[in-house]
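Reader: Before we discuss assignments, could you show me the model and then explain what each label rests on?

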There are 2 protein chains.
Amino acid sequence: MGATDTMTDLTHLVETDAEPKKARRATTEQRARDIVAAAAEHFSEVGFAGSTREIAKRVGVTQPLLYRYFPTKDDLIEAVYKTVYLERWNPAWDEALKDRNRTTRERFETFYRDYVETTFTPIPLRLSYYAGLRDAEINQWYNHLIEELILKQLVREHRVELGMPDEAYVSAAALEPAWQIHGGLMHYGWRKHILKLRVAPDIEQVISDNLDMYFCIAENTYRREAHITETDIAHDEN
Amino acid sequence: MGATDTMTDLTHLVETDAEPKKARRATTEQRARDIVAAAAEHFSEVGFAGSTREIAKRVGVTQPLLYRYFPTKDDLIEAVYKTVYLERWNPAWDEALKDRNRTTRERFETFYRDYVETTFTPIPLRLSYYAGLRDAEINQWYNHLIEELILKQLVREHRVELGMPDEAYVSAAALEPAWQIHGGLMHYGWRKHILKLRVAPDIEQVISDNLDMYFCIAENTYRREAHITETDIAHDEN
DNA sequence: AGTAAATGTTATCAGTTGATAACAAAACTG
DNA sequence: CAGTTTTGTTATCAACTGATAACATTTACT
């Protein structure tokens with residue numbers, strides 16, 4: 001329940017373009033953003049145990065000032081969470097993945113090129129891993145988003161393309177191959193941007209190969225699944 | 001260079017079975033192990049910023065005592081690193097992967113079943129991620145190990161099986177598909193044991209599917225690679 | 001048994017932490 | 001311009017941090 005609450009709380013913040021009527025307090029909001037940005041940077045380097053004094057120093061203000069913008073350190077951390085997870089999510093992705101004028105393959109190749117470009121930078125990546133270790137909840141929510149909007153969509157659209165019935169329900173087992181290629185890409189980001197290892201230079205080739213891998217075995221897993229669900233009467237929607 | 005030094009320093013510790021001549025000081029070494037175990041547990045929960053007092057409390061001793069076994073906190077952290085990375089590495093794996101009496105597929109399926117069983121538990125997994133974020137070096141070394149002993153081996157053995165020349169050199173690009181399926185499994189561990197998400201219940205099926213995916217596209221990537229290296233004269237061994 | 005080394009505890013230090021209160025300067029409002 | 005709100009700083013707190021020194025106890029060896 002907690003994860004779901006967080007989700008509904010956050011989604012309205014995805015579009016933060018609307019300007020207030022007057023430019024009043026623009027500097028105040030800017031300062032708040034500066035603090036969050038400095039906090040994100042610092043936390044991404046040392047984890048959420050990083051000190052508020054170091055953050056204040058980076059902004060160029062004194063440490064007690066932070067407490068006028070964020071009552072507690074946890075509030076600041078939560079603000080960092082929000083910007084990291086929400087500023088990077090493109091609401092257009094959801095619709096683009098449903099566009100049946102293009103092949104499933106094309107849609108997901110385009111999506112993943114875009115996704116890794118906006119997601120695979122050190123600060124958000126590191127924060128995401130630190131966040132997962134510190135408090136699984138927000139990361140659970142984010143992965144739920146990935147699963148619902150991306151991976152289930154992939155399975156569904158591909159099934160339809162294969163002439164199979166358009167079934168909304170996708171079991172954890174049927175979803176796993178999609179998670180595997182997604183996870184492979186995430187681990188690529190981990191190796192490249194966090195461990196600073198040498199990786200394959202052409203990420204677009206990696207994406208392409210991963211989709212090849214997926215489409216190569218997907219049909220078999222769908223059929224395996226279909227065989228199970230035929231005999232499995234009670235399956236819930238979630 | 002640092003990573004390589006660490007590697008050579010650590011490898012001799014893999015086999016710690018040899019008992020000292022007399023059982024003298026066995027309790028001392030046991031206490032040291034207890035401290036490291038408590039530290040591993042605590043650090044795995046809150047990260048390496050965790051306090052020495054909490055560790056001492058878990059062992060049931062006073063905090064200054066830790067400093068008789070480990071001069072500084074960093075020394076204790078390093079000891080935790082060693083146990084985590086080395087106690088879990090089975091030296092037999094290296095040889096088993098070279099056994100050409102079994103198909104490449106069989107060898108790697110057996111290996112991965114064993115590997116995930118010994119590696120995918122919360123404490124080592126969490127420590128590994130915390131370690132990567134805190135200090136990439138040791139994790140770089142470990143990934144180097146994976147790459148050299150597992151993934152390059154997979155590419156090489158599979159190439160031979162396909163009748164291609166037994167080439168020791170494997171480029172980063174040719175290695176990437178192998179990294180992708182490995183990374184997919186790592187991310188499975190992340191989702192299951194750290195984020196506590198619902199995942200596909202049958203890990204052996206996941207491994208099997210991943211190997212299917214790999215062998216499905218591998219040949220193409222080998223040929224792509226062969227085509228490049230033909231025209232590429234200067235390629236170093238590392 | 002007697003002594004020295006090894007193992008443990010108590011007391012304490014200086015530095016850092018998140019957080020608060022009191023005060024100062026700036027900006028907005030009438 | 002006067003007064004009020006907003007934004008900022010200084011000073012300070014109590015709790016906690018890694019680490020050290022002095023002292024106590026246990027263990028091992030002759």
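Author: Ala, Val, Leu, Ile, Met, Phe, Trp, Tyr, Cys and Pro count as nonpolar, Asp, Glu, Lys and Arg as charged, and the others, Gly among them, as polar. The model is predicted, and by these classes the surface near DNA strand D has five nonpolar, six polar and six charged residues.

Reader: What makes a residue part of the surface near DNA strand D?

Author: The C-beta atom, placed from the backbone, has to lie within 6 Å of the strand. By that criterion 17 residues surround DNA strand D, and the closest are A:Thr28, A:Pro64, B:Ser51, B:Pro64 and B:Lys73. At least two residues of this surface come from each of helix H2 (26-46) and helix H4 (63-69) of chain A, and likewise from each of helix H3 (52-59) and helix H4 (63-69) of chain B.

Reader: Why is the relation between chain A and chain B called that of a two-fold axis?

Author: A turn of 180° with a shift of 0.0 Å along the axis lays chain B on chain A with an RMSD of 0.0 Å, and that is therefore the relation of a two-fold axis. Of the residues of chain B, B:Gly184 comes closest to this rotation axis, its C-alpha at 2.1 Å.

Reader: How do you know that the same surface serves both copies?

Author: Of the contact residues of chain B, 100% recur in chain A. The contact takes 40 residues from chain B and 40 residues from chain A, and on the chain B side the largest share, 13 residues, comes from H10(B).

Conventions: Residues numbered from 1 in each chain as written. Chains lettered and ligands numbered in written order. Predicted model: local features only at pLDDT ≥ 70, side-chain atom pairs only at ≥ 80, totals over all residues. Helix = DSSP H or I, 4+ residues; strand = E, 2+ residues; numbered from the N terminus. Contact = placed C-beta atoms within 7 Å. Least-squares fit on C-alpha atoms with pLDDT ≥ 70 in both.
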